[in-house]
Amino acid sequence: MASSSQTPPEQPLQVKVVGLFKSSSFQIAKSAAESLKSNYPSKFEDPIIVPVQEFAWDQYLQEKKRHNFVFLDISIDFYPIGRLIFELYCDTCPKTCKNFQILCTGKAGFSQSGIRLHYTGSIFHRVVRNGWIQGGDIVAGRGDGGESIYGPTFEDENFSIPHNKRGVLGMVNKGRHSNGSQFYITLQAAPYLDRKYVAFGQLIEGTDVLHQLELVPTENERPIQQCVIIDSGELYA
């Protein structure tokens, strides 16, 4: 006797529509979801409709948006080479991410000591072959300065994020609890940095730009060509 296999019946789908009650796009989506149910009753369950008032909509978006995104536009010897885009893990390292994000925007203005708290105009002052590139000395660009939005330095937030791949973004320090504005981007997995330096983000776009920075000729790990952050800011804010 030949065996026959029966296909299990498909489970009906359920559409969920969440949106600002007053918005036309919410009303259109609501109508579309209701039409699917009425036109294909065996394939769709009753839709879940969640109209939200304005005050609750902002809160809903914030809960959904757990990571922030920032960019650095780079030039080498005054020639623009492109943009680095980072995802910041604000849910894991909120204080560290806020420091980096505001230094990207420049919204904090000047520190009490008169330092402009902005990455734009600063340089990448160090390239460690097969290790990392380093920048963010907003004081003089020598690699011995920097300042956070919280004061000269702030504490290590946590070491939850591992240095397990290329493009990990982390804070440079001079020992425990001495984070300022200097940061690094790994060029490969660097487990020796774990539990010593706070990683808080990941490069998600601009791998070609990172590669160009990596190839800049150096002398004692300092780039011979000037690698400048010509613009920086937030994305999708």
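The following paragraphs lead the reader through selected residues, a pocket and aromatic rings of a predicted model.

A suitable starting point is His125, which is found in strand E5, the run of residues 124-128. Is His125 buried or exposed? Its relative accessibility is 5%, and because buried means under 20%, His125 counts as buried. The side chain of His125 is joined to that of Gln182 by a polar contact of 3.3 Å. Which other residues surround His125, once its neighbours within four places in sequence are left aside? Among its contacts are Gln134, Gly135 and Asp137, as well as Gly141, Arg142 and Gly143. Glu221, Arg222 and Pro223 are also in contact with His125, and Gln182 appears in this list too.

Gln182 leads on to the largest pocket, as Gln182 is one of the residues that lie nearest its centre. The others named there are Gly145, Val172, Lys174 and Ser178. In total, 14 residues line this pocket, and the space within the pocket comes to about 170 Å³. What is the character of the lining? It divides into 10 polar residues, two nonpolar residues and two charged residues.

The backbone also deserves attention. Asn130 is not a glycine, yet it has a positive phi of about 60°. This residue lies in the loop between E5 and strand E6, which covers 132-135. Asn130 has a relative accessibility of 52%, and because exposed means over 50%, Asn130 counts as exposed. His177 likewise has a positive phi of about 60° without being a glycine. The place of His177 is in the loop that runs between strand E7 (168-171) and strand E8 (183-186). With a relative accessible area of 38%, His177 is partly exposed.

The next topic is the aromatic rings. How many aromatic pairs does a search of the whole structure find? The search finds nine. One pair consists of Tyr40 and Phe44, whose ring centres are 6.5 Å apart and whose planes meet at 55°, an arrangement described as tilted. Of these two residues, Tyr40 is partly exposed, with a relative accessible area of 45%, whereas Phe44 is buried, at 15%. Another pair, formed by Tyr184 and Tyr197, is edge-to-face, with 6.1 Å from centre to centre and 85° between the planes. This pair links distant parts of the chain, for its members are 13 residues apart: Tyr184 is in strand E8, while Tyr197 is in the loop between E8 and strand E9 (199-205). Tyr184 counts as buried at 3% relative accessibility, and Tyr197 is partly exposed with a relative accessible area of 25%. Beyond these pairs, which residues form one aromatic cluster? They are Phe86, Phe100, Tyr119, Phe124, Phe183 and Phe200.

The final stop is Ile48, which has its place in strand E2 (residues 48-52). Ile48 counts as partly exposed at 35% relative accessibility. Although Ile48 and Val17 are 31 residues apart along the chain, a separation of 6.3 Å is found between their C-alpha atoms. Ile48 also touches Val17, together with Gln14, Val15 and Lys16, when residues up to four places away in sequence are not counted.

Technical notes. Residues numbered from 1 in each chain as written. Predicted model: local features only at pLDDT ≥ 70, side-chain atom pairs only at ≥ 80, totals over all residues. Heavy atoms only, no water. Helix = DSSP H or I, 4+ residues; strand = E, 2+ residues; numbered from the N terminus. Buried < 20%, exposed > 50% of the residue type's maximum accessible area, 1.4 Å probe, protein only. Polar contact = N/O pair within 3.5 Å; in protein donor to acceptor, adjacent residues only side chain to side chain. Contact = heavy atoms within 4.5 Å. 1 Å grid on protein atoms, 1.4 Å probe; cavity = no way out; pocket = protein on both sides within 12 Å on 5 of 7 lines; lining within 4 Å. Points joined across faces, edges and corners; volume = space filled by probe spheres on them. Nonpolar A, V, L, I, M, F, W, Y, C, P; charged D, E, K, R; others polar. Phe/Tyr/Trp six-rings, centres within 6.5 Å; stacked < 30°, edge-to-face > 60°.
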